[in-house]
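Please consider the structure shown below, with its sequence alongside. The paragraphs that follow lead from a set of annotated residues to two pairs of packed helices.

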Amino acid sequence: MTTTTTARQAARDALEGVALGDAFGERWFKRFRPPAEAIEQIKARRTPEEPHWHWTDDTAMALAVHRALIDQDGINRTQLAAMFGATFLADPARGYGHGMIRLLPVLAEHPERWATEARELFDGQGSLGNGAAMRVAPLGAWFAEDLDEAVEQAGWSAEVTHTHPEGVAGAVAVAVAAALAARGRLPGEGPGGADLLREVAARTPDGAIRDGVLAAVALSPGTAPWRAADLLGNGQRIRASDTVPFALWSAAHHLDSLTDALWTTAEGLGDVDTTCAITGGVVAARTGLAGVPADWLRRREALPEWVSAG
């Protein structure tokens, strides 16, 4: 089990990993059409040429989750709704999806209405997108000492915007993976590979995401990333069930190298900023930014100063 201090550091590192994966993946997302050039460059591990790697809504919302943890040591859904709304209004051009563009301005003004407003999205079904999963890795690392607490808090963090069971399950799966990865900061602690994926599946609610994680368990770590993405989903449909299993498969088999994990995930294309944000958050919960090229860190948009002080 990690100590409280170790868990807080793991959460901060997970946030850094989310931001790096998000900004790195966004470079390839822009090159999705045509994909052949992107695939060629990714396989050759040619660093994206842009001098500035800006992150997207994935990181913006992860920052709000992390701030809530620092301020409250847990998730108060009304307060988190207010933070999401304020984050959106401060910078709405981060690439938010249609549902969030509709929801977050309302939450900025009426955060207490999070439950009814989030539930009304998508004809009353609630969102089953990957947005709750993409932002939750720091929370999983924060609660690495108690997996039951990680599951509960992840569900609460999701429900503010994603009330569909699959939207919630996506957040739970990523949070558990990040918690287990954070435990691996100590020698002999924390599972990896298929064992990590099995533990994630065991704590993920029944449904498409749990089925996807179980499919990832059965997939050899030597599978070509494009093939794994083809089988598990690469986020192109923007659903949690189409995003989380592949991102966690990539993370689980590269827990000792954040750069290897990100290159592998990028090769799956699709919603690359989000798959890389999830993978990056989970792996960095264990490794931090160790081994990441200094040039990558110089190019990536900086996080607010309060992150390093929190």
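In this predicted model, Asp58 lies in helix α3, which covers residues 57-72. Asp58 also appears in a record: an unreviewed UniProt entry lists Thr56, Asp57, Asp58, Asp271, Asp273 and Thr274 under "binding site". Why can these residues be said to gather at one spot? Although they span 219 residues in sequence, no two of their C-alpha atoms are more than 12.8 Å apart, so the set comes together at one spot in the fold. The largest pocket includes Thr56, Asp57, Asp58, Asp271, Asp273 and Thr274 in its lining.

Attention may now turn to the packing of helices, beginning with α11 and α12. Helix α11 comprises residues 165-183 and helix α12 residues 193-203; their axes come within 9 Å and cross at roughly 140 degrees. Angles over 145 degrees would count as roughly antiparallel; α11 and α12 are therefore oblique to each other. The crossing of α11 past α12 is right-handed. On the α11 side, the contact is formed by Val172, Ala173, Val176, Ala177, Leu180 and Ala181, while α12 supplies Leu196, Glu199, Val200 and Arg203. Sorted by class, this contact of α11 with α12 holds eight nonpolar and two charged residues, with no polar ones.

A second pair is formed by helix α13, residues 208-217, and helix α15, residues 244-252. The axes of α13 and α15 come within 8 Å and cross at roughly 35 degrees. Here too the handedness can be stated: α13 passes α15 in a right-handed crossing. Which residues meet in α13 and α15? Ile209, Gly212, Val213 and Ala216 of α13 meet Val244, Pro245 and Trp249 of α15. By class, the contact of α13 with α15 consists of six nonpolar residues and one polar residue, with no charged residue.

Key. Residues are numbered from 1 along each chain as its sequence is written. This is a predicted model: local features need pLDDT of at least 70, side-chain atom pairs count only at pLDDT 80 or more; totals for chains, interfaces and linings use all residues. Side-chain values use heavy atoms; hydrogens and water are left out. Axes are lines fitted to C-alpha atoms, for helices over the stretch in contact, and angles run from 0 to 180 degrees between N-to-C directions. Helices (H or I, at least four residues) and strands (E, at least two) are DSSP runs, numbered from the N terminus. Angles under 35 degrees count as roughly parallel, over 145 as roughly antiparallel, 65 to 115 as roughly perpendicular and the rest as oblique. A crossing is left-handed if the near helix is turned anticlockwise from the far one by less than a right angle, and right-handed if clockwise. Contact means heavy atoms within 4.5 Å. Ala, Val, Leu, Ile, Met, Phe, Trp, Tyr, Cys and Pro count as nonpolar, Asp, Glu, Lys and Arg as charged, and the others, Gly among them, as polar. UniProt positions are given in the numbering used here, feature names are shortened, and annotations may be inferred rather than shown by experiment. On a 1 Å grid over the protein atoms alone, a cavity is a set of points where a 1.4 Å probe fits but cannot get out, and a pocket is an open set with protein on both sides within 12 Å along at least five of seven lines; lining residues have an atom within 4 Å of a point.
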